[in-house]
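I opened this model to look up how its helices pack and where its charged side chains pair. My entries follow in the order I worked.

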Amino acid sequence: MGRRGMAEIIALRFDHDEREFFARVLEESGGPAQVTDPLAVFVGFADANDMVKRCHDIAARVDLEEYIAEVGLKRNQLACEILFSSDIYGSGFD
């Protein structure tokens with residue numbers, strides 16, 4: 001199988017503060033944010049429950065400095081941007 005057929009696994013090159021920020025924002029997906037199914041589907045998840053679970057999984061991997069599938073990282077970066085910047089879908093503490 002060629003490289004295109006396999007998920008690309010990458011190492012995050014975040015410093016400690018960047019990892020901490022990224023993980024904490026992703027963890028907010030299950031808090032007061034109350035992410036909706038349409039938003040989760042827009043970002044690339046199956047539904048809101050899937051988004052919360054995957055965001056928490058990625059947050060744990062970020063904390064442990066583990067490798068992450070590139071597609072998962074991109075999806076979670078978009079989730080992070082929405083959760084951090086939005087007073088509607090985010091925690092409102094930005």
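**Helix packing**

Helix 1 and helix 4 are roughly perpendicular to each other. I looked up the numbers behind this: the two axes come within 9 Å and cross at roughly 75°, and an angle of 65 to 115 degrees counts as roughly perpendicular. I note that the model is predicted.

Next I listed which residues make this contact. From helix 1 I have Phe21, Phe22, Val25 and Leu26. On the side of helix 4 I found Leu73, Asn76, Gln77, Ala79, Cys80, Leu83 and Phe84. Sorted by class, the contact of helix 1 with helix 4 holds 9 nonpolar and 2 polar residues, and no charged ones.

I then turned to helix 3 and helix 4. Their axes are 11 Å apart, and the angle is about 105°. Helix 3 is therefore also roughly perpendicular to helix 4. Met51, Arg54, Cys55 and Ile58 come from helix 3, and they meet Arg75, Asn76, Ala79 and Leu83 of helix 4. Here I noted 5 nonpolar residues, 1 polar and 2 charged.

**Asn76**

Asn76 appears in the contact of helix 4 with helix 1 and again in the contact with helix 3, so I looked at this residue by itself. Asn76 belongs to helix 4, which covers residues 70-85. Is Asn76 buried or exposed? I found a relative accessibility of 1%; under 20% counts as buried, so Asn76 is buried.

What does the side chain of Asn76 have beside it? One of its polar atoms lies 2.7 Å from the backbone oxygen of Gly72. I also looked for contacts, leaving aside neighbours within four places in sequence. Asn76 then touches Phe22, Leu26, Phe45, Arg54, Cys55 and Ile58.

**Salt bridges**

How many salt bridges does the whole structure have? My search gave 5. I followed up some of them.

I began with Glu20 and Arg24, which form a salt bridge with the closest N and O atoms 2.8 Å apart. Both sit in helix 1 (residues 16-27), and because they are 4 residues apart, about one helical turn separates them. Glu20 is partly exposed at 33% relative accessibility. Arg24 is partly exposed as well, at 30%.

Arg24 has another partner: its side chain meets that of Asp63 in a salt bridge of 3.0 Å, N to O. This pair links distant parts of the chain, with Arg24 in helix 1 and Asp63 in helix 3 (residues 48-63), 39 residues apart. I entered Asp63 as partly exposed, with a relative accessible area of 38%. Glu20, Arg24 and Asp63 are thus linked in a network of salt bridges.

My last pair was Arg54 and Asp50, whose side chains form a salt bridge at 2.7 Å, N to O. The two are 4 residues apart in helix 3, which means a separation of about one helical turn. Which of the two is buried? Asp50 counts as buried at 16% relative accessibility, whereas Arg54 is partly exposed at 37%. Arg54 was already in my notes, as a residue of helix 3 that takes part in the contact with helix 4 and as a contact of Asn76.

Key: Residues are numbered from 1 along each chain as its sequence is written. This is a predicted model: local features need pLDDT of at least 70, side-chain atom pairs count only at pLDDT 80 or more; totals for chains, interfaces and linings use all residues. Side-chain values use heavy atoms; hydrogens and water are left out. A salt bridge is a side-chain nitrogen of Lys or Arg within 4 Å of a carboxyl oxygen of Asp or Glu. Buried means under 20% relative accessible area, exposed over 50%, partly exposed in between (1.4 Å probe, protein chains only). A polar contact is a pair of N or O atoms within 3.5 Å; within protein, one must be able to donate a hydrogen and the other to accept it, and residues adjacent in sequence count only if both atoms are side-chain atoms. Contact means heavy atoms within 4.5 Å. Axes are lines fitted to C-alpha atoms, for helices over the stretch in contact, and angles run from 0 to 180 degrees between N-to-C directions. Angles under 35 degrees count as roughly parallel, over 145 as roughly antiparallel, 65 to 115 as roughly perpendicular and the rest as oblique. Ala, Val, Leu, Ile, Met, Phe, Trp, Tyr, Cys and Pro count as nonpolar, Asp, Glu, Lys and Arg as charged, and the others, Gly among them, as polar.
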